[in-house]
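Reader: I am new to this structure and would like a careful, close look at one part of it, the place where two neighbouring elements pack together. Please set that part within the whole chain and follow the chain outward from there.

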Amino acid sequence: MLDIEVIEDAAAAEASLDPIRTRILQELAEPGSATQLAAKVGLPRQKVNYHLKALERHGLVELVEERRKGNVTERVLQATAASYLISPVALASVAPDPQRFADRFSAFWLLALASRTVQEMGKLISGAAAAKKKLASFAIDGEITFRSAADRAAFAEELGVAVTRLVDKYHDGGATAVAGGARKHRLVVVLHPTLKTQSTEKSAEKEQGND
C-alpha cells in the first residue's frame with residue numbers, strides 16, 4: 001500500500017469523489033470483505049459490492065485474498081493507498097499552466113506551480129514504484145511571523161538572493177555533466193500567509209482587548 005496515490009485518470013477521480021466510495025476507501029485502509037464493509041457503512045452487501053467493483057475497476061482497491069466459506073468465495077480487498085490526491089492531469093484541458101502566470105508575487109502562479117508539483121511528483125512516484133527504487137526528494141515546511149509587510153518583502157528579497165547563490169554554486173548544465181548522467185531537478189520555493197483558525201482569531205482579539 002502506498003502512503004499517497006496520485007489519481008491521474010478522470011474516471012478514477014470521479015469514482016473516488018463519491019461520498020460512499022470515499023468512506024469505503026477510508027475503511028479499506030485495513031483489508032476487509034463486502035460483508036464487513038456493509039456493517040461498517042450501513043449498506044446492503046450487494047450495494048457495497050457494486051461500489052467495490054467500481055473502485056477495483058479504476059485501480060483504487062486491490063484483491064488481497066479469497067476465502068472459501070461453504071459454497072461462497074469471500075473476496076478480501078484493500079485500498080491501494082492510505083490517502084489519495086487528484087492530479088491536475090485528471091482535468092488536463094483546464095489545468096493551470098505556470099507559464100501563464102510567470103510573476104513571483106502572483107498567488108495564481110503559486111497555485112499553478114503547486115499544481116505542476118502534484119502532477120510531476122505523481123508520475124515520479126509511480127515510476128519509482130514500478131522500478132522499485134527510492135525517489136530522491138527534499139522539502140521544508142515551517143512558519144515565520146513578520147512584524148510588517150516591509151519585513152516580509154525584505155525576507156523574500158534575501159531568500160531569492162540566497163537561493164540564486166546556491167543555484168549558481170551547484171548547478172551544472174554543461175554537456176559533460178549531462179553526458180555523465182547528471183539529473184536535472186525542479187526547485188520551487190513558496191511563501192504565503194497561513195490560514196486563520198478560531199484559536200488564532202481568539203488570540204488576536206484577546207491581544208487587542210489588552211491594548
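Author: To begin with the chain as a whole, 60% of the contacts between residues at least 6 apart in sequence join residues at least 24 apart, where contact means heavy atoms within 4.5 Å. This is a predicted model, in which local features need pLDDT of at least 70 and side-chain atom pairs count only at pLDDT 80 or more, while totals for chains, interfaces and linings use all residues. Residues are numbered from 1 along each chain as its sequence is written, and side-chain values use heavy atoms, with hydrogens and water left out.

The chain has eight helices and five strands, both taken as DSSP runs numbered from the N terminus (helices H or I with at least four residues, strands E with at least two). Along the sequence they follow the pattern β-α-α-β-α-α-β-β-β-α-α-α-α. The radius of gyration of the chain is 24 Å, whereas a compact globule of 211 residues would have one near 17 Å; this radius is taken over C-alpha atoms, and the globule rule is 2.2 Å times the number of residues to the power 0.38. The C-alpha trace spans about 75 × 65 × 30 Å along its principal axes, and 20% of the 211 residues are buried, that is, under 20% relative accessible area, with exposed meaning over 50% and partly exposed in between (1.4 Å probe, protein chains only).

Now to the part in question. Two packed helices are described by the angle between their axes and the distance between the axes. Helix α2 (residues 19-27) packs against helix α3 (residues 34-41) at an angle of about 115 degrees, and their axes are 11 Å apart; such axes are lines fitted to C-alpha atoms, for helices over the stretch in contact, and the angles run from 0 to 180 degrees between N-to-C directions. From α2, the residues Arg23, Ile24 and Glu27 make the contact, and from α3 it is Leu37, Lys40 and Val41. These contact residues divide into three nonpolar, no polar and three charged, with Ala, Val, Leu, Ile, Met, Phe, Trp, Tyr, Cys and Pro counted as nonpolar, Asp, Glu, Lys and Arg as charged, and the others, Gly among them, as polar.

After α2, the loop between α2 and β2 holds glutamate 30, which is exposed, with a relative accessible area of 57%. Leaving aside neighbours within four places in sequence, glutamate 30 is in contact with Leu77 and Gln78. Its C-alpha atom is separated by 48 Å from that of alanine 153, which is 123 residues apart from glutamate 30 along the chain.

Strand β2 (residues 32-33) follows, and serine 33 is found in it. Serine 33, in contrast to glutamate 30, is buried, at a relative accessible area of 1%. Not counting residues up to four places away in sequence, serine 33 touches Glu74 and Arg75.

Further along the chain, lysine 132 sits in the loop between α5 (107-131) and α6 (149-170). Most residues other than glycine have a negative phi. Lysine 132 has a positive phi of about 55 degrees although it is not a glycine, and at 80% relative accessibility it counts as exposed.
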